[in-house]
Protein chains: 2
Amino acid sequence: MARVGLSGERLVAAAAELADEVGFENVSLSALARRFGVKDASLYSHVRGLQELRTRVALLAGGEMIDRIAAEVAGRAGKDALRAFADAYRAYALAHPGRYAATQIRVDPALAADSPAMRRTAEITYGMLRGYGLSEPDLTDAVRLLRGTFHGYCALEATGGFNAARDVRASWDKAVDALHTALTHWPRETPGPSGTPGASGTPETPEEGPAA
Amino acid sequence: MARVGLSGERLVAAAAELADEVGFENVSLSALARRFGVKDASLYSHVRGLQELRTRVALLAGGEMIDRIAAEVAGRAGKDALRAFADAYRAYALAHPGRYAATQIRVDPALAADSPAMRRTAEITYGMLRGYGLSEPDLTDAVRLLRGTFHGYCALEATGGFNAARDVRASWDKAVDALHTALTHWPRETPGPSGTPGASGTPETPEEGPAA
DNA sequence: CCCCCGAACCTAGGCCCTCTAGGCAGCAGC
DNA sequence: GCTGCTGCCTAGAGGGCCTAGGTTCGGGGG
């Protein structure tokens with residue numbers, strides 16, 4: 001039979017495309033094999049199974065996403081950087097819903113920890129926040145707030161959670177503005193009576209990026 | 001054979017429990033039937049299929065969730081109400097991960113629109129924001145920001161997205177504080193040159209709740 | 001009390017999916 | 001041209017969703 005020239009990379013790339021078309025949870029090895037004109041059992045020489053395929057798509061998408069974000073954030077600071085980050089994030093999530101969904105799966109922390117995408121994401125996120133003059137643990141708290149808001153907003157928008165007539169893009173701009181004011185007026189530790197312990201230590205393990 | 005006494009309600013309730021145990025995406029009709037000591041084909045007299053089961057679990061969970069939230073928010077206003085809402089939201093999401101995941105699936109908008117849970121969620125959310133003195137379209141924008149942040153934060157926490165050593169609960173408190181300051185310093189329309197149209201009309205279709 | 005009828009549960013089977021075991025054929029190097 | 005690796009194959013087990021049609025249980029009317 002004519003050899004198609006399968007490889008792990010080609011499978012992962014095709015799976016990412018398929019995910020954007022039919023949804024991440026609907027990518028199946030069968031469908032992927034069909035797309036290559038090949039039997040599903042043939043894929044197992046290149047990919048250990050569905051799970052490995054999924055995590056490889058997740059890492060691919062995480063890398064793509066942080067590259068786009070980094071390109072937009074580069075050279076900007078403060079509110080400009082925040083807006084660039086936010087818009088690039090949302091643009092990727094909307095343009096590549098399947099890949100974006102992939103970035104949200106649970107991945108073996110050890111495997112994720114030494115993925116370059118994660119390291120880059122952490123660097124860029126923390127770097128973007130440096131202009132706001134926060135220090136640990138507020139930095140980590142702010143990163144979590146941003147990641148949560150960006151993800152939740154895009155997830156709700158993608159699943160049709162926003163039904164009101166209001167334009168989503170305009171709402172998004174306002175949300176980013178609101179996050180900016182939240183960051184500039186960040187609730188500092190007011191040393192009240194018996195304040196929280198709040199270990200203001202070193203960065204330790206930085207918060208990671210979308211490819212969790 | 002001994003009749004087990006199946007019914008749509010019992011199936012949905014059991015599916016919700018199963019979802020909390022094994023994850024929402026892992027509830028299968030087969031597993032549900034097994035749990036009742038019954039063949040999977042027997043479930044089709046009570047439930048049209050997997051999809052209907054899922055959306056019924058989603059509506060159940062949405063109702064439970066907004067009930068808990070309403071109980072906590074009742075009698076509070078301003079920042080107290082926000083904190084009560086947020087904490088009840090997160091508590092439900094962490095205590096019932098499967099049910100919570102169910103609330104995030106895409107549901108037929110027509111079906112969702114006349115679900116009492118959705119109406120209640122919209123009422124309570126908008127009511128909670130009334131103290132911040134916002135008017136449309138800022139109200140809708142603020143609702144979207146809150147929903148996005150709450151959902152994204154809980155989703156990331158649930159899927160293990162927060163790896164840093166920082167206590168998540170403390171981060172959450174800070175995030176809610178930050179949202180409060182964002183709401184109190186909400187970016188108003190500064191009528192600059194050629195400002196956005198910004199139809200400041202009536203509430204129209206209010207934003208709906210977690211049971212999207 | 002009995003019968004009867006509808007509902008509750010069953011078996012059988014089709015289709016799709018994942019994954020394993022083992023076979024054959026095309027391409028590289030000798 | 002031969003050899004051997006490996007890319008792709010067939011065969012098959014196991015599970016999930018769902019339909020069609022059979023059987024038996026339980027309650028209500030005669």
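Me: Before we start, a residue counts as near a molecule or strand if its C-beta atom, placed from the backbone, lies within 6 Å of it. Which residues come nearest to DNA strand C?
Reply: This is a predicted model, where local features need pLDDT of at least 70, side-chain atom pairs count only at pLDDT 80 or more, and totals for chains, interfaces and linings use all residues. Residues are numbered from 1 along each chain as its sequence is written, with chains lettered from A and ligands numbered from 1 in the order in which they are written. Of the 21 residues around DNA strand C, the nearest are S28(A), A41(A), G49(A), L6(B) and A41(B).

Me: Cool, and which element gives the largest share of the surface near DNA strand C?
Reply: Helices here are DSSP runs (H or I, at least four residues), numbered from the N terminus. In chain A, α2 (29–36) and α3 (50–73) each supply at least two residues of that surface. The largest share is 3 residues, and it comes from α2(A).

Me: How many residues does each chain put into the contact?
Reply: Two residues are in contact if their C-beta atoms, placed from the backbone, lie within 7 Å. Chain B gives 44 residues, and chain A gives 45. On the side of chain A that touches chain B, α8 (138–158) and α9 (168–184) give two or more residues, and the most, 13 residues, come from α8(A).

Me: What kind of axis relates the two copies?
Reply: Superposing by least squares on C-alpha atoms of residues with pLDDT of at least 70 in both, chain A lands on chain B with an RMSD of 0.1 Å after a turn of 180° and a shift of 0.1 Å along the axis. The copies are thus related as by a two-fold rotation axis.
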